[in-house]
Amino acid sequence: MQKHPGWFDDIVFLDYVLCLQAILHNACCSLQLMTSWAVVCNVWYLELQYIKPGETAIELAERLWDIISVRAGLKKVPWDGYLNYSRHSPKHRDRKTEKFFFLNCTTGQLHVGTVNLATEGEMIPCVPNALISSVHDSNGDQQQDAMLLWLEEHACRLENGMIKLREERGTRSISLFPEEPPFCSTAITNGVKVRASAVFVPEIADLQNENAKYTSSYSIRMSLQREGCIINGIPFSSCQLKWRHWIIRANDHVESDFNGEAVIGKYPLLLPGEREFVYESCTPLPTSLGSIEGSFTFVPGRLADPKGAPFEVEVARFPLQLPDYIF
């Protein structure tokens with residue numbers, strides 16, 4: 001059901017499929033739809049815009065985007081990362097992704113299903129095969145099935161702080177994003193601290209898609225040190241994000257070199273000692289090994305009231321990879 005203006009009391013809005021069903025099964029309903037359906041929209045005429053001297057095509061598009069957003073009263077929500085450059089399978093868009101694990105009692109291996117599980121039975125092993133000793137293996141000293149190894153590894157990562165518990169909206173859960181190097185990178189620039197890490201997402205992996213076999217979700221955590229933002233020895237009590245720049249690699253090949261405003265449509269304002277601002281996104285890769293690095297552009301003070309020139313904050317390179325253990 002689509003939204004419609006309140007002043008049209010008796011207009012029926014149905015999606016395309018329902019309209020076809022009505023036309024095929026009920027001639028009276030079809031006649032009603034054909035005589036009462038309408039489209040209402042607002043139209044604005046904007047001044048003709050030309051590219052300015054020295055302005056790039058991307059900068060022109062950003063400027064037009066700003067003008068249209070302001071005039072139409074729309075929230076400007078930019079695309080994030082490499083997702084803007086790849087065509088995604090309907091399997092990713094249309095079906096709810098769920099994670100299914102399967103224990104092979106013969107081999108002792110634990111598997112997890114990909115996005116092609118239901119149609120192709122596609123699965124990925126969760127534990128290195130070399131570590132598994134099946135109960136049916138007469139040469140093994142003792143049974144070492146993948147389920148036990150998987151649980152032990154998970155507990156070990158919790159114990160050593162590689163992954164941690166998190167609480168959000170009153171619910172406690174285990175965050176799979178690594179918190180320690182070498183899988184988590186940390187950089188501090190002018191008092192702004194950025195931590196970044198990624199985790200492989202098996203349930204939306206598509207091993208049949210040569211351009212986007214492996215998808216990783218990445219988490220960016222940014223905060224301002226207690227001493228505040230310090231630029232050329234001058235302290236500022238806040239800073240606000242304006243711009244981002246990502247370089248995404250598959251192996252050593254640059255897949256995407258991306259610039260854009262904000263992060264997930266937000267311009268986080270950082271204050272000294274406050275909790276980290278966290279945002280998450282994802283990116284597909286054609287290879288099982290890759291990386292992300294880049295920078296954020298911040299303004300000291302606030303965007304509406306800048307106290308100095310913009311400055312770049314480093315996002316140190318962090319890995320994207322198909323891990324030995326998949327959770």
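User: How many bridges join strand 8 to strand 14?
Analyst: This is a predicted model, where local features need pLDDT of at least 70, side-chain atom pairs count only at pLDDT 80 or more, and totals for chains, interfaces and linings use all residues. Residues are numbered from 1 along each chain as its sequence is written, and side-chain values use heavy atoms, leaving out hydrogens and water. Helices (H or I, at least four residues) and strands (E, at least two) are DSSP runs numbered from the N terminus. Strand 8 (residues 214–224) and strand 14 run antiparallel, and the bridges joining them number nine.

User: Which are the edge strands of the open sheet of four strands?
Analyst: The order here is 6-7-8-14, with antiparallel pairing; two strands pair if DSSP finds at least two bridges between them. An edge strand pairs on one side only, and that picks out strand 6 (184–189) and strand 14 (277–285).

User: Why do the buried residues of helix 6 lie on the same side?
Analyst: Buried means under 20% relative accessible area (1.4 Å probe, protein chains only), and in helix 6 that goes for A146, L149, W150 and H154. They sit on the same side because, going by the directions from the helix axis to the C-beta atoms, they cover an arc of only 135°.

User: What do those buried residues pack against?
Analyst: Contact here means heavy atoms within 4.5 Å. By that test, the buried residues of helix 6 pack against strand 1 (101–103), strand 2 (110–113) and strand 5 (171–175).

User: Which residue follows helix 6 with a positive phi?
Analyst: Helix 6 covers residues 146–159. The phi in question is near 85°, and the residue is G161.

Definitions and conventions:
Expected span 1.5 Å × (residues − 1). Buried < 20%, exposed > 50% of the residue type's maximum accessible area, 1.4 Å probe, protein only.
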